[in-house]
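Subject: Structure handover

Hi,

Here is the structure you asked about. My notes follow below it.

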Amino acid sequence: MTVTYSRRVADARLGTFSHLLLRWKGSIYKLLYRELFIFTVLYYAISILYRFLLDDGQRRLFEKLAIYCDQYAQLIPVSFVLGFYVTLVVSRWWGQFESVPWPDRLAALVGGHVRGADEGARLIRRSLVRYANLSGVLIYRSISTAVYKRFPTMEHLVQAGLMTVEELRQLEELPSPHNKFWVPCMWFVSLALRARTEGRINNDVALTAILNELSTLRSQCMKLYSYDWISLPLVYTQVVTVAVYSFFLACLIGRQFLDPTQGYPGHDLDFYLPVFTLLQFFFYVGWLKVAEQLINPFGEDDDDFETNWLVDRNLQVSLLSVDDMYDLVPVVERDKYWNESEPQPPYTAASAEHRKPSYMGSALDIRQVLHSNTGRHSLISPQSILNGLRPREHPVDVSGSCLYTVSTLHFRVSTCICGCSDNLFLFLTVFQKCF
């Protein structure tokens, strides 16, 4: 479902975005072509009616109506209402993506802290991550049409191996009318406590880390549930939809090309194809279609989230992390740069141009020109200024203050000018002696 084009826009070159205009899947053309076709047909139907079916008197009335519609259609704040609405939708869409639960960190903690190579320890580790994945599947099944079609009943979850018959029985026997996606999390907590009691989790710190990560995953599931429950206010969606479609209903009449012989302002030319009206329709209605597609990314549109892929990936990765990779470590050997203090991995010929020196700071690039006659780069102490002395090449700091070059004294002055009378005297002395 998700349309990825990151590789095609990795480098900014001539026509980088232009190449994307030729793609169909996930494109604006696929979303908009039906509405654009209907609008074009209605426009030409009205144009034929005006040009060939109305008599002269009816044409004059139609022309007045067209001018009226074109004039007052501009009062509809389409750009403002639609732009603000799409901004909210995109922010909400990205927030939903950031709420997608990933069990990777939890699986790493389970694999690292639930110790034991026997079948009992292996069963505990696999059951823990399976419970975490089951909680995610239950929430996906509640909000995603694609996942629900894959698991239309709870028995399908049993057949898929995501839960057992006994677990399904306990889940269904719970007297709760609410969504039960949180139940596997409670099973996780109980099993983790049992593992701590049996000594398979070494200490309470490790248990706390595991339970905290589980709480994070459960919070992510709850966020998805909340996004599905609380939509953008319906009235706002209705206002935006009415604003866009009423504007273009007025354009069907107001953007007709009228008889040039009548001398109406702005109707000096007579065309058959309303190019800029169609472009305006393409941009505004296309903007609205973007909001329609992003407002719920858990459907089956081209750019919706791959929830079934998430189910498969999370289950496979988490089980691998706690089972096949448990205590699996490659042979520890000395690395290639064992005796080198500054390792320099080699570059291929294609990547050699990307090798750059280390950045040291922008101020270090300043190249000062020494003026031996003026002494602008000689050090001078504030005490020597108060004593009326000229800058010296090798001054002795008798006041304990930092030394300044003459070229940087204005920084010292800007600080001291707001101080006491001695500092004001220093300010005046600087300008008299040095500048």
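Lys 30 and Asp 302 meet through their side chains in a salt bridge, at 2.9 Å from N to O. This pair links distant parts of the chain, with the two positions 272 residues apart. Lys 30 is in helix H1 (residues 28-53). Asp 302 is in the loop between helix H12 (275-294) and helix H13 (307-324). Lys 30 is partly exposed, with a relative accessible area of 31%. Asp 302 is buried, at 16%. Please keep in mind that this is a predicted model.

Other salt bridges

How many salt bridges does a search of the whole structure find? The count is 20. As background, side chains of opposite charge can pair when their charged atoms come close. Here are some of the others.

- Arg 60 and Glu 63: their side chains form a salt bridge of 2.9 Å, N to O. The two residues are three apart in helix H2 (residues 56-73), so about one helical turn separates them. Arg 60 is partly exposed, with a relative accessible area of 24%. Glu 63 is buried, at 0%.
- Arg 169 and Glu 166: the closest N and O atoms of this salt bridge are 2.3 Å apart. Both residues lie in helix H8 (residues 165-173), three residues apart, which is about one turn of the helix. Arg 169 is partly exposed, with a relative accessible area of 37%. Glu 166 is also partly exposed, at 37%.
- Glu 35, Lys 289 and Glu 292: salt bridges link these three residues in a network.

Cysteines

You may want to know about disulfides. The structure holds zero of them. A disulfide is a covalent bond between the sulfur atoms of two cysteines. Why do Cys 185 and Cys 221 not form a bond? The sulfur of Cys 185 has its closest cysteine sulfur in Cys 221, but the distance is 6.2 Å, too far for a bond. The cut-off for a disulfide is 2.5 Å between the sulfur atoms. From the other side, the closest cysteine sulfur to Cys 221 is the one in Cys 185. Both residues are out of the way of solvent by the accessibility figures: Cys 185 is buried, with a relative accessible area of 2%, and Cys 221 is buried, at 0%.Helix packing

How do H1 and helix H11 (residues 234-254) pack? Their axes are 9 Å apart, at an angle of about 30 degrees. H1 and H11 are therefore roughly parallel to each other. The crossing of H1 past H11 is right-handed. On the H1 side, the contact is made by Glu 35, Phe 39, Leu 42, Tyr 43 and Ile 46. On the H11 side, Tyr 245, Phe 248, Cys 251, Leu 252 and Ile 253 meet them. Glu 35 thus appears in two places in these notes: in this contact and in the salt-bridge network with Lys 289 and Glu 292.

Next, helix H9 (183-197) and helix H10 (204-229). The axes of H9 and H10 come within 11 Å and cross at roughly 175 degrees. H9 and H10 are therefore roughly antiparallel to each other. H9 contributes Cys 185, Met 186, Phe 188, Val 189, Ala 192, Leu 193 and Arg 196 to the contact. H10 contributes Asp 204, Leu 207, Ile 210, Leu 211, Leu 214 and Arg 218. Cys 185, buried at 2%, is one of the H9 residues in this contact.

Two loop residues

Gly 199 sits in the loop between H9 and H10. Gly 199 is partly exposed, with a relative accessible area of 42%. Gly 199 and Val 114 are 85 residues apart in sequence, yet their C-alpha atoms are 8.9 Å apart in space.

Where is Asp 327? Asp 327 is in the loop between H13 and strand S1 (379-380). Asp 327 is exposed, with a relative accessible area of 53%. The phi of Asp 327 is near 55 degrees, a positive value in a residue other than glycine. Most residues other than glycine have a negative phi.

Best wishes

Notes. Residues numbered from 1 in each chain as written. Predicted model: local features only at pLDDT ≥ 70, side-chain atom pairs only at ≥ 80, totals over all residues. Heavy atoms only, no water. Salt bridge = Lys/Arg side-chain N within 4 Å of Asp/Glu carboxyl O. Helix = DSSP H or I, 4+ residues; strand = E, 2+ residues; numbered from the N terminus. Buried < 20%, exposed > 50% of the residue type's maximum accessible area, 1.4 Å probe, protein only. Axes fitted to C-alpha atoms, helices over the stretch in contact; angles between N-to-C directions. Parallel < 35°, antiparallel > 145°, perpendicular 65-115°, else oblique. Left-handed = near helix turned anticlockwise from the far one by under 90°. Contact = heavy atoms within 4.5 Å.
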